[in-house]
Amino acid sequence: MTAAIDTGLKPKERADVARELSKVLADSFAVYQKTHGYHWNVRGPEFFSLHKLLEQQYNEIWAALDDIAERIRALGELAPQSATAFANLTSIKDGDPEKDASEMLRELIRDHGVLIATARAALDAADEVGDEASVDLMTQRLAAHEKAAWMLRSSLGDR
């Protein structure tokens, strides 16, 4: 017997929001992996500061992955967990360790932009059905990714 899920949302509403959150989870995991890889492979005169910045960013994303997956589960859906599932849900490409530091940062800035758009779509889907918990989570993720992109831009001397 399956216990009833009573969140005030209809099953289709929960499934629709969870589907959008799954995309956020996949994009977040892709940005996490790339940020972690660039942390390992960044080179150049700014190595130490970039190495530390990227470490701070991938740790923040890592913690958020659990929050997103647990929200999907709270909505009664299964969170994607395999590399194949994530690859099918994200448009973010793997990183290239041969890139120089500025190319790595520019790529991460673009990836955070993709993730911001994905999170906004999930926020809109959640807001449309009155899922305040998912709206709150996506608001927090938007702020985190906007800040990460700003820090990366500033590291390049951009606005």
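How much of the chain over residues 20-157 is helix, and how much is strand? Hi everyone, let's start there. Over that stretch the chain is 79% helix and 0% strand, and the C-alpha atoms at its two ends sit 34 Å apart. Please keep in mind that this is a predicted model. I chose residues 20-157 because that is the span of a UniProt annotation, "domain: Ferritin/DPS", which comes from an unreviewed entry.

Now to the helices themselves. I'd like to walk you through three of them, pair by pair: α1, α2 and α5.

First, α1 with α2. Their axes come within 9 Å and cross at roughly 160°. That angle is over 145 degrees, so α1 counts as roughly antiparallel to α2. The crossing of α1 past α2 is left-handed. If you sort the residues of this contact by class, you get 16 nonpolar, seven polar and two charged.

Next, α2 with α5. Helix α2 covers residues 47-74, and its axis lies 11 Å from that of α5, with a packing angle of about 165°. Again we are over 145 degrees, so α2 and α5 are roughly antiparallel to each other. This crossing is left-handed too. If you'd like to find the contact on the screen, look on the α2 side for residues including L50, L54, I61, D67 and R71. Over on α5, the partners include A133, L137, R141, A148 and L152. By class, the contact of α2 with α5 has 13 nonpolar, four polar and four charged residues.

That leaves α1 with α5. Helix α1 runs over residues 11-41 and helix α5 over residues 132-155. Their axes come within 12 Å and cross at roughly 25°. So are these two parallel or antiparallel? With an angle under 35 degrees, they are roughly parallel to each other. Here as well, α1 passes α5 in a left-handed crossing. The contact list is one I can read out in full: V17, L21, V24 and S28 from α1 meet S134, M138 and H145 from α5. By class, that gives four nonpolar residues, three polar ones and no charged ones.

While you have the model open, try clicking on M138 in α5. It appears in the contact with α1, and it turns up again in the contact with α2. S134 and H145 in α5 do the same, being listed with α1 and also with α2.

To put the picture together: α2 is roughly antiparallel to α1 and roughly antiparallel to α5, while α1 and α5 are roughly parallel to each other. Thanks for listening, everyone!

Notes: Residues numbered from 1 in each chain as written. Predicted model: local features only at pLDDT ≥ 70, side-chain atom pairs only at ≥ 80, totals over all residues. Heavy atoms only, no water. Axes fitted to C-alpha atoms, helices over the stretch in contact; angles between N-to-C directions. Helix = DSSP H or I, 4+ residues; strand = E, 2+ residues; numbered from the N terminus. Parallel < 35°, antiparallel > 145°, perpendicular 65-115°, else oblique. Left-handed = near helix turned anticlockwise from the far one by under 90°. Contact = heavy atoms within 4.5 Å. Nonpolar A, V, L, I, M, F, W, Y, C, P; charged D, E, K, R; others polar.
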